[in-house]
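Open your viewer and load the model. We will start with the whole chain, then step in to one residue and back out to the surface.

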Amino acid sequence: MTEQVAAIGTGTTNQTPGSTVVVSIADLTLAWEIQSNTINNDKLPIIPTASRVQNGQILYRLKIKATLTSIGKNAPEARHTLTVTSDRTGDTIKTSSAATDAAGTVTVTLESREKGKLKLSISEKDITSVPLEITLSDAWYESTFLLTGYNVCNESDFSGTLVTANGLSNQHRDDFLFGARGVVMQGTGMALNGQYVRPTRVGSAWATNSRGNPTRMANPGGVTFAYTTGVHGAFGAVTTGRSIAVDPRVIPPHGKVEIDSIGTRYADDRGSRIQDYHIDNFLGAGNGVVQTWQASGFNSTQRKVKFIGGL
């Protein structure tokens, strides 16, 4: 998005020798200036905290200062009404006041759920201006996000007895399959042979301890498993260094974001405990990746997040 200043006058030449071209110059000229945001002090739009995703689209909000100047007076033009419109029907335009202030300015707020190119213009005939060309693509979330990490279990972290299980051709450790930290609870686990295991049918309740916390499947025979090619999230395959779990009301499914100090991630998953401005970064399999993450200093911190529009 670039800032633009007003044109003074325009005319069209012709091919008749000695002819003249009349150029009409309005006394009033308009200059546009896209305002810097308070998130990163750049010219990108923000995604308002109170907004929510609709039909897979975020809400862009961009503020523009329009300044009206009188050439004859060489001074700002105050108390002048401006009507600003977009060349796209889905965009919403609001002005901070009905007329320009003492400095000849009015703040224009553009809101849209449609990414891509647009032009803002004014309809007043007594003002010379050129349309402001804007491209909506990347945007900063107005709110920061709580950043946490999650993993799936790894059979190497368990020590139970090797057992057979419905749906699996190999034996695996009992607590890896049926324990409260195992595959049934986490949804997927990495076996010792490098294959991933997931439950396909859970026909058993949890046995609990004296405090009411689950310990293991009460009826292991009621659970069926299958080998799978990887970790599958709510919206697609989940990959270390790429995938995050999000609240899809805030970051749309498959959305691409850039997390401060972390890098680019994709919304491949969701979680029942991931609500509002919370991102859960997928770490991989096993306890080791969790220990590394906790030592990194990123866990449970607030991070700026940029939505990548992908144009």
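How many helices and strands does the protein chain have? Colour this predicted model by secondary structure and you will find three helices and 27 strands in the protein chain. Keep the whole chain selected: its radius of gyration is 29 Å, well over the 19 Å that the globule rule gives for 311 residues, so the chain is more spread out than a compact globule. Turn the C-alpha trace along its principal axes, and you will see a span of about 100 × 45 × 30 Å.

Next, select strand β8, residues 116-122, and pick out G116 within that strand. Is G116 buried or exposed? G116 is buried, because its relative accessible area is 11%, below the 20% cut-off for that class. Now add I39 to the selection: 77 residues separate I39 from G116 along the chain, and their C-alpha atoms are 22 Å apart.

Zoom back out and look at burial across the chain. Buried residues account for 42% of the 311 residues. If you draw the contacts with a separation of 6 or more, 66% of them join residues 24 or more positions apart.

Finally, switch on the surface. The accessible surface of the protein chain is about 15800 Å², and carbon and sulfur atoms contribute 47% of that area. For a last selection, show the charged side chains: the protein chain carries 29 positive and 26 negative ones. The centres of these two sets lie 5 Å apart.

Notes
Residues are numbered from 1 along each chain as its sequence is written. This is a predicted model: local features need pLDDT of at least 70, side-chain atom pairs count only at pLDDT 80 or more; totals for chains, interfaces and linings use all residues. Side-chain values use heavy atoms; hydrogens and water are left out. Helices (H or I, at least four residues) and strands (E, at least two) are DSSP runs, numbered from the N terminus. Buried means under 20% relative accessible area, exposed over 50%, partly exposed in between (1.4 Å probe, protein chains only). The radius of gyration is taken over C-alpha atoms; the globule rule is 2.2 Å times the number of residues to the power 0.38. Contact means heavy atoms within 4.5 Å. Accessible areas come from the Shrake-Rupley method with a 1.4 Å probe; for residues, only the protein chains shown count as cover. Lys and Arg count as positive and Asp and Glu as negative; His and the chain ends are not counted. The place of a charge is taken as NZ of Lys, CZ of Arg, CG of Asp or CD of Glu.
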